[in-house]
Amino acid sequence: MSTAADAKLPSIGVGDTITYDGEAHQVVGIEELVTEQSSIAFRLRDTCGAYKLVLAAALYADLAAAACGGSAPADTRRLDQARKRLKKKTRGRNTGPGSEGRSGSYLGLPFDPTTEPEPLHLVAVVDPADVTASQDVAPADTRRRIDYSAALQGLTQQALERAQTLERHVREVATGFPTGVVGSEPRPEYDPAVTDLEGRVQAKMGELGTSRRTLFRHLAAWRADGLWGLVDDRSKRVADPLAGLDHRIVDAILDQADAERHQSTGTYSRFRRRLAARLAISAPDLTLPPDSTLRPKVTFLVAGRYTFDNATTRRTHDRKPSKTYMHARADRPGQAVLMDSTKLDITAYDPVNDVDVKVQMTWAVDLNTRTIGAARLSPQAVKNVDAALLLADMLRPEPMRPHWQEELSVRLLGLPVGTLIDHDERFRGAAAKPVIYPETVLVDNDRVFVSDAFERGCELFGINDQSARVMTPTDKAAVEASFRSLGAKFSQHVAGYTGPNPVRRGDLTEEQARWTVAELEEFLTYYIVAIYQRTPHSALVAPAQPSRRLSPNQAYAASVTRCGWVAAPIADDMYFQLLPVRWVKIHPYGVNLNYRVHDDDILRYYARKPSPYARPLTAKGRRGGSQHGERRGRGKTLPVRYDPRDLTYAYFYAWDHHAWYGLKWIDAPDDLQPFSDTYYRTLRKYMRDHGLNHKSGPAIAQALSELQHAMDAEENWTATTRRELSILAERARAAARDRAASVRLANQEELDGATPGRRRTKRPQPSAPEPHDSAGAGSFDIDIAAARSLRVVRND
């Protein structure tokens, strides 16, 4: 048998008649397609007048197969191989001469000359030697295709069965076997051993009663797109929800939806009115369709924007990043610790003042183990010092409570470094909660996390401080999710639960509140140690066991086994080191802190010693020069620290004695309650506005005492004053707790004997003060009526 290499292929020119695909065709044109790879194509016309554009490589492959005298299946295979290398053209109608109303084809595919690559270069005669091997490789098909196998799953059962039935007929025409299995017995009229393609087409025309052109159209669609090409076009058609709507109206709807993002939510009628006003400027010739037509289209276009939904939902959606979420990873404990503060969904109650108090929560979550390293509750608002002291809480073991079960002890944590923990006295009597030393803390842009106190605390412990992007809560997704988990597993089970938003809040929340802030803090600590740290977490997967979930304690033990244990810094005076500092001079009477004189006997010793500290920098970053014979860079000022939550005391570090000393406000009366910096600042502003001496320590102390007496009087009690007193008392309690957890003051016994008395539920009312000369240096006179309307200005 001869081969294609032995066959002599003729040169083909315009006007020649050739046999292609079993049919006689006349060559009406030869064109050179200028594409990524130049190709020569023949424009053929069959006996029915239909036009085809066939690549020269495909045409000569068909002629070579016919010249070899091979069997029909071999010819079909060779022809199919040539067809696969052919670039498919877009479908359309043939607009060639004499072909009106006729469907053109391009090797079985419809062909539209208007979509040909341009320019087209006409060729007179094509020699077989001019058809190079490069023409066998068709340019890449850049037409966008859909996933046909997935599209078939969206069809109705009736449309799918119709297409599968048609596929059996088309396959029988192409191969002679309706099922595509060569081993099966074909029907005689379709046997590929005795029939060719034209014979099988004629047999199928008689069987189905269809035209030859329809069969070839089905055959071309099946070869190009498989079963999907035989699906009825009516089943493929997708409804256009914006059909008939001018594109300018579509643009105006999207622009108006963007303009509504930061406004209060309105109704559709307002949106339509504003849309009409926008179109009156941009497209005055357009008229909005009726509501029955426009409303569904507006709903479709603004879907997912929450234009007519809650404004909070719309703002939350706007904060989502446009890119795909990326999960933050941490390979070891402390590599990344997430910190945030939020409102606790529980209302606290102060039985002394008979008032409810809102509570703010600040806590830190380790990303690797999902351990809650520390948590703090603050009344009303979080202070800068609260965020700074949260770092110290993470580095300090949680002590066991007397009423806790023994199974909550740190010895049952299962750490492989138990002997190391035994050598650390801090873990004696500690609870089973990991102590994680953070390398990096990721915080938001809340004022407490960008304050000097927090940044100074990070610098003190060698922690990297990293801020999340503004209004991007997904940067701290783990801590945001922990807030939701806290509400579902803790907050809603506590009396006084308010719900996450006003929509879910009951009308008896204040009456149901019964726990103080201190009690809520104890409940939260027990929940973290006894429940949260021992409950399997969905984000903690056991290595090599994807179906098993670990608890935060188990994940910490596994991470320590893999990465080793990092001991937290041991510093008993962390509380004092994190407090704000004020540089002062030691006078014979003590130190002056914002018109408050604090004193202790230890200051007499250090008043005669040179300061070991460099002169503090000025606001311009400079340090003063030599003054009064001082050495350059030295100064007479010393650092004194104070707690903004309780200004009754200041704290001084005696470097020769290696101890901290408490400095009491010498003008404070014995019955003066602890007070915060905001309370003190507001009182001095009140005194200044009313012409009182706001720069005299004794006058300020007496004004504080009278104001507290006045606020304690039942006839002057209001919900606001009682709430302010409750907040002050709670802040003082937190300060005392933090001070007790730190190193003991060297003069603690002396301070305990002079501690200001705690406020009683009722206090004897002072006698009316005698009139004084308002111009006197120490005169003061507080208007009780004005004091009742006094509001504390919170400014950290």
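## Helices α4 and α6

Helix α4, spanning residues 157-175, packs against helix α6, spanning residues 212-225, at an angle of about 95 degrees, and the two axes lie 10 Å apart. Because angles of 65 to 115 degrees count as roughly perpendicular, α4 is described as roughly perpendicular to α6. This arrangement, like everything reported below, belongs to a predicted model.

On the α4 side the contact involves Leu166, Glu167, Val170, Arg171 and Ala174, which meet His218, Leu219, Trp222 and Arg223 of α6. Sorted by class, the residues of this contact comprise five nonpolar, one polar and three charged.

## Confidence of the model

The chain has a mean pLDDT of 78, and 77% of its residues reach 70 or more. Two stretches call for separate mention. Over residues 81-124 the pLDDT stays under 50, and the model has 110 contacts beyond four places in sequence for this stretch. Residues 755-796 also have a pLDDT below 50, with 78 contacts in the model beyond near neighbours in sequence.

## The loop at threonine 267

Threonine 267 is located in the loop that lies between α8 (247-259) and α9 (268-282). Its side chain is joined to that of serine 269 by a polar contact of 2.9 Å. The C-alpha atom of threonine 267 is separated by 6.4 Å from that of phenylalanine 308, although the two residues are 41 residues apart along the chain.

## The five-stranded sheet

Strands of a sheet pair through backbone hydrogen bonds, either parallel or antiparallel. One open sheet of five strands follows the order β12-β11-β8-β13-β14, and its pairing is mixed. Its edges are formed by β12 (372-379) and β14 (464-467), each of which pairs on one side only. On average, and with direction ignored, neighbouring strands of this sheet are turned by 20 degrees against each other.

Within this sheet, β8 (residues 337-343) pairs with β11 (residues 359-366) in the antiparallel sense over seven bridges. Threonine 342 stands opposite methionine 361 of β11. Two helices are associated with these strands. Helix α12 (residues 384-394) lies across β8, β11, β12 and β13 (440-443), and runs at about 145 degrees to β12. Helix α15 (residues 477-489) packs on the sheet and touches β8 and β11, its direction making about 125 degrees with that of β11.

## The six-stranded sheet

Another open sheet contains six strands in the order β17-β20-β21-β22-β19-β18, with antiparallel pairing. The edge positions are held by β17 (581-584) and β18 (591-593), each pairing on one side only. Here the average turn between neighbouring strands is 40 degrees, direction ignored.

At one edge, β17 and β20 (residues 638-643) pair in the antiparallel sense over four bridges. Valine 581 stands opposite arginine 641 in β20.

## Helices α17 and α23

Helix α17 (residues 517-531) and helix α23 (residues 719-741) pack at an angle of about 50 degrees, with a separation of 10 Å between their axes. That angle makes α17 oblique to α23. Val517, Ala518 and Glu521 of α17 make the contact with Glu730, Arg733 and Arg737 of α23. These residues divide into two nonpolar, no polar and four charged.

Technical notes. Residues numbered from 1 in each chain as written. Predicted model: local features only at pLDDT ≥ 70, side-chain atom pairs only at ≥ 80, totals over all residues. Heavy atoms only, no water. Axes fitted to C-alpha atoms, helices over the stretch in contact; angles between N-to-C directions. Parallel < 35°, antiparallel > 145°, perpendicular 65-115°, else oblique. Contact = heavy atoms within 4.5 Å. Nonpolar A, V, L, I, M, F, W, Y, C, P; charged D, E, K, R; others polar. Pairing = 2+ DSSP bridges. Polar contact = N/O pair within 3.5 Å; in protein donor to acceptor, adjacent residues only side chain to side chain. pLDDT = per-residue confidence, 0-100.
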